[in-house]
Amino acid sequence: MTPNGTTMSTDENEHRTSGGVPVTDELVQQLADEAEGGYDTTVLRRRGGRRPLGSGPADVVPVRLDPELRAALTARAEAEHTSASDVIRQALRAWLDVA
C-alpha cells in the first residue's frame with residue numbers, strides 16, 4: 001500500500017528511483033541527455049571511501065597468523081575498541097620505531 005492508501009502493482013514498484021520517483025520514458029531521456037552533455041567533474045563531491053593512511057596510498061600486505069596469535073589480536077582490538085588492522089599498524093610502528 002502507498003501512503004495514500006492505494007495499492008501499487010509490482011510493476012509500478014519496480015520502476016522507481018531510490019527516492020521513490022517513478023521512472024518514466026521522459027525521465028530516462030532527460031538523464032541520458034544530461035549524461036551525453038557531460039558533467040563538470042570539478043563540482044562533484046567526494047564520497048566516502050577509506051581515509052588515507054600516512055603520506056600516500058596504502059598497500060595491502062597479507063599476513064598469515066596462527067590461531068593463538070589471531071585470537072590475541074582480536075582480543076586486543078576488541079579491548080581497544082578498534083580494528084585488527086589498526087592494532088597491527090600500531091604494533092609495527094612501535095617495533096620499527098616509525099612515527
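These legends describe close-up views of a predicted model of a protein chain.

**Figure 1. The whole chain is built with four helices and zero strands.** Along the sequence, the pattern reads α-α-α-α. Of the 99 residues in the chain, 6% are buried. The accessible surface comes to about 9,300 Å². Carbon and sulfur atoms account for 54% of that surface.

**Figure 2. The largest pocket has a volume of about 1,000 Å³.** Its lining consists of 25 residues. Which of these residues lie nearest the centre of the pocket? They are Leu53, Ala58, Asp59, Ser85 and Arg89. Helix H4, residues 84-96, gives the largest share of the lining, with eight residues. Sorted by class, the lining holds 14 nonpolar, four polar and seven charged residues. Rolling a probe the size of a water molecule over the atoms is a way to show where empty space is left.

**Figure 3. The second largest pocket has a volume of about 190 Å³.** Val63, Leu65, Leu69, Ala72, Leu73, Val87, Ile88, Ala91 and Leu92 form its lining. How many of the lining residues are nonpolar, polar or charged? The count is nine nonpolar, no polar and no charged residues. Helix H3, residues 67-79, and H4 each contribute at least two residues to this lining. The largest share, four residues, is supplied by H4. An α-helix has 3.6 residues a turn, so residues three or four places apart point the same way.

**Figure 4. Helix H3 has a side-chain cap at its N-terminal end.** The capping residue is aspartate 66. One of its side-chain oxygens lies 3.1 Å from the backbone nitrogen of glutamate 68. H3 itself has 13 residues, and its first and last C-alpha atoms are 18 Å apart. That distance is close to the 18 Å expected at 1.5 Å a residue.

**Figure 5. Histidine 81 lies in the loop between H3 and H4.** This residue follows H3. The phi angle of histidine 81 is positive, at about 55 degrees, although the residue is not a glycine. Is histidine 81 buried or exposed? Its relative accessible area is 74%, and the cut-off for an exposed residue is over 50%, so histidine 81 counts as exposed.

**Figure 6. Helix H4 spans the length expected for its number of residues.** H4 has 13 residues, which at 1.5 Å a residue should span 18 Å. The C-alpha atoms at its two ends are 18 Å apart, so the model agrees with the expected span. H4 also takes part in both pocket linings shown above, with eight residues in the largest pocket and four residues in the second largest.

**Figure 7. Aspartate 97 is found in the segment after H4.** What is the sign of its phi angle? Phi is positive, near 55 degrees, in a residue other than glycine. Aspartate 97 has a relative accessibility of 71%. The cut-off for an exposed residue is over 50%, and aspartate 97 therefore counts as exposed.

Technical notes
Residues are numbered from 1 along each chain as its sequence is written. This is a predicted model: local features need pLDDT of at least 70, side-chain atom pairs count only at pLDDT 80 or more; totals for chains, interfaces and linings use all residues. Side-chain values use heavy atoms; hydrogens and water are left out. On a 1 Å grid over the protein atoms alone, a cavity is a set of points where a 1.4 Å probe fits but cannot get out, and a pocket is an open set with protein on both sides within 12 Å along at least five of seven lines; lining residues have an atom within 4 Å of a point. Grid points are joined across faces, edges and corners, and a volume is the space filled by probe spheres set on the points. Ala, Val, Leu, Ile, Met, Phe, Trp, Tyr, Cys and Pro count as nonpolar, Asp, Glu, Lys and Arg as charged, and the others, Gly among them, as polar. Buried means under 20% relative accessible area, exposed over 50%, partly exposed in between (1.4 Å probe, protein chains only). Accessible areas come from the Shrake-Rupley method with a 1.4 Å probe; for residues, only the protein chains shown count as cover. The expected span of a helix is 1.5 Å times one less than its number of residues. A polar contact is a pair of N or O atoms within 3.5 Å; within protein, one must be able to donate a hydrogen and the other to accept it, and residues adjacent in sequence count only if both atoms are side-chain atoms.
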